[in-house]
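This report introduces a single structure to a reader who has not met it before. It begins with a term that the later description relies on, and then moves from the core to the sheet, a helix, the cysteines and the charged pairs.

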Amino acid sequence: LFYGNRYAKEPGSFSEAVKLAKTFVSDTKWYDINQKIYVPLATEVLPRIETLGVINSETGSVLYSSYEIEAQTNGRLSTHKISDRYAFPHSMGPEQKALLLPRSEEYESRVFGYFDYNHMEVSMLQWLTKDNVLGDILNDGKDFYASLHQLIFKSPCDTEEKRRLVKGFFLPIMYGLQSSNLSKKLKISQSDAEDIISIQNKTFKTATEWLASKQNDVKNNPIAIDYFGRRRDFTDEPSHKRRNFEIQAPGAMICLERLCHLSKSFQDCLVFHIHDGYVLTLPNKDALDKVSEIKSVLESPSPLAEGLSLRISAEIGSRLDSLNKV
């Protein structure tokens, strides 16, 4: 699947399996990814997460999670609700979250902690493209989208609505959103949409041209290969999706590598992994100290991406539907 053979038939014999294996056993990138991510995921990390569970306060029963590796196109984990004994963390609403409690002899002795990477895809975009303007914004320590609003519109980002505005169009434009669709999305004129796209593309010229070159390459080679060696066939897909793949797939890989890294120190606390977020249960008495430790682990350098700088937001609370930022 990592090699793009998503629809290939299973080998019918040992000789066919050996023949298929020859396509990747000599690939050093795949070997590195397999040893550092897929082996620990399959043998240690996910089995622990899937058997820890949380308590359904309404029924008193334990709810577990179930994950599938390589079930999504760009490499993210997929979750399945096999029965009523399983939670579905990727799509839990407030009502479901409100029912969940940490699994412990005394519920009050533990709280939930949710840790989420700030603008993960934007950080990956900058790291891959080496866009200096984007890097300066990310490194100034301020809110990225507020700074972006000031840069694009030359006016302060003084409301949450303005922040949501730029957050809603920055990556879509990078991934090829056209002015006609942007005008509908923002309910503005097409002329204004064209201006926004033009300003953003000129401001982040390096990143924009890098993504455009990847999209244009599909014409000559429909088999795309991302930074970590993942392959995806774009023969029957719109070429602009290549842009999304180039950023989301490496980002997913880093999130999985960080999951494995986090599990080494907090293997008995991890209950859910949700894309670029992690849910743990923490001892109430020293929850803030644990938050600091977990942030340090997740923000530490990844051996797969030298120079990539990532920042974590953290929230804690007794219920998943009412967490507080810390």
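A residue is called buried when its relative accessible area is under 20%, exposed when that area is over 50%, and partly exposed in between. By this scale D32 is partly exposed, because its relative accessible area is 29%. The model described here is a predicted one.

**Nonpolar cores**

In soluble globular proteins, nonpolar side chains tend to be buried together. Here the largest nonpolar core holds 82 residues, and those with the most contacts inside it are L41, F170, F272 and L280. Leaving aside residues up to four places away in sequence, F272 touches a set of residues that includes I49, V54, Y67, M92, L100, V279 and L320. Another core, of five residues, lies apart from the one that F272 belongs to, and A224, F234, F245 and A249 are among its members.

**The sheet around β9**

Strands of a sheet pair through backbone hydrogen bonds, either parallel or antiparallel. Five strands of this model form an open sheet in the order β9-β10-β6-β11-β12, and their pairing is antiparallel. The edge strands are β9 (270–274) and β12 (324–325), each of which pairs on one side only. Strand β9 is joined to β10 (residues 277–283) by four bridges, and L270 has L280 as its bridge partner in β10. Of the five residues of β9, five are buried. The hairpin made by β9 and β10 has two residues between the strands, and in this hairpin H275 takes a positive phi near 55 degrees.

**Helix α7**

Helix α7 (residues 160–174) has 15 residues, which at 1.5 Å a residue should span 21 Å, and the distance of 22 Å between its end C-alpha atoms agrees with this. The buried residues of α7 are V166, F169, F170, L171, I173 and M174. Just after this helix, G176 takes a positive phi of about 105 degrees.

**Cysteines**

How many disulfides does the model contain? With a limit of 2.5 Å between cysteine sulfur atoms, the count comes to zero. C260 is in no disulfide, since the nearest cysteine sulfur, that of C255, is 11 Å away. For C269 the closest cysteine sulfur is that of C260, at 16 Å, which is too far for a bond. C260 counts as buried because its relative accessibility is 5%, and C269 counts as buried at 14%.

**Salt bridges**

Side chains of opposite charge can pair when their charged atoms come close. The count of salt bridges in this model comes to 11, and the table sets out three of them with the separation of their closest N and O atoms.

| Basic residue | Acidic residue | Closest N and O atoms |
|---|---|---|
| K36 | D32 | 3.3 Å |
| R230 | E70 | 2.7 Å |
| R163 | D143 | 3.1 Å |

K36 and D32 are four residues apart in helix α2 (residues 28–52), so they are separated by about one helical turn. K36 is partly exposed, with a relative accessible area of 35%.

R230 forms its salt bridge with E70, and this pair links distant parts of the chain, 160 residues apart, with R230 in the loop between β7 (223–225) and β8 (231–233) and E70 in the loop between β3 (67–68) and β4 (78–79). Both R230 and E70 are buried.

D143 forms its salt bridge with R163, and here D143 lies in the loop between α5 (132–139) and α6 (144–153), while R163 is in helix α7, 20 residues apart. Salt bridges that share partners join D143, E160 and R163 into one network.

Conventions: Residues numbered from 1 in each chain as written. Predicted model: local features only at pLDDT ≥ 70, side-chain atom pairs only at ≥ 80, totals over all residues. Heavy atoms only, no water. Core = buried A, V, L, I, M, F, W, Y, C linked by side-chain atoms within 4.5 Å. Buried < 20%, exposed > 50% of the residue type's maximum accessible area, 1.4 Å probe, protein only. Contact = heavy atoms within 4.5 Å. Expected span 1.5 Å × (residues − 1). Pairing = 2+ DSSP bridges. Salt bridge = Lys/Arg side-chain N within 4 Å of Asp/Glu carboxyl O.
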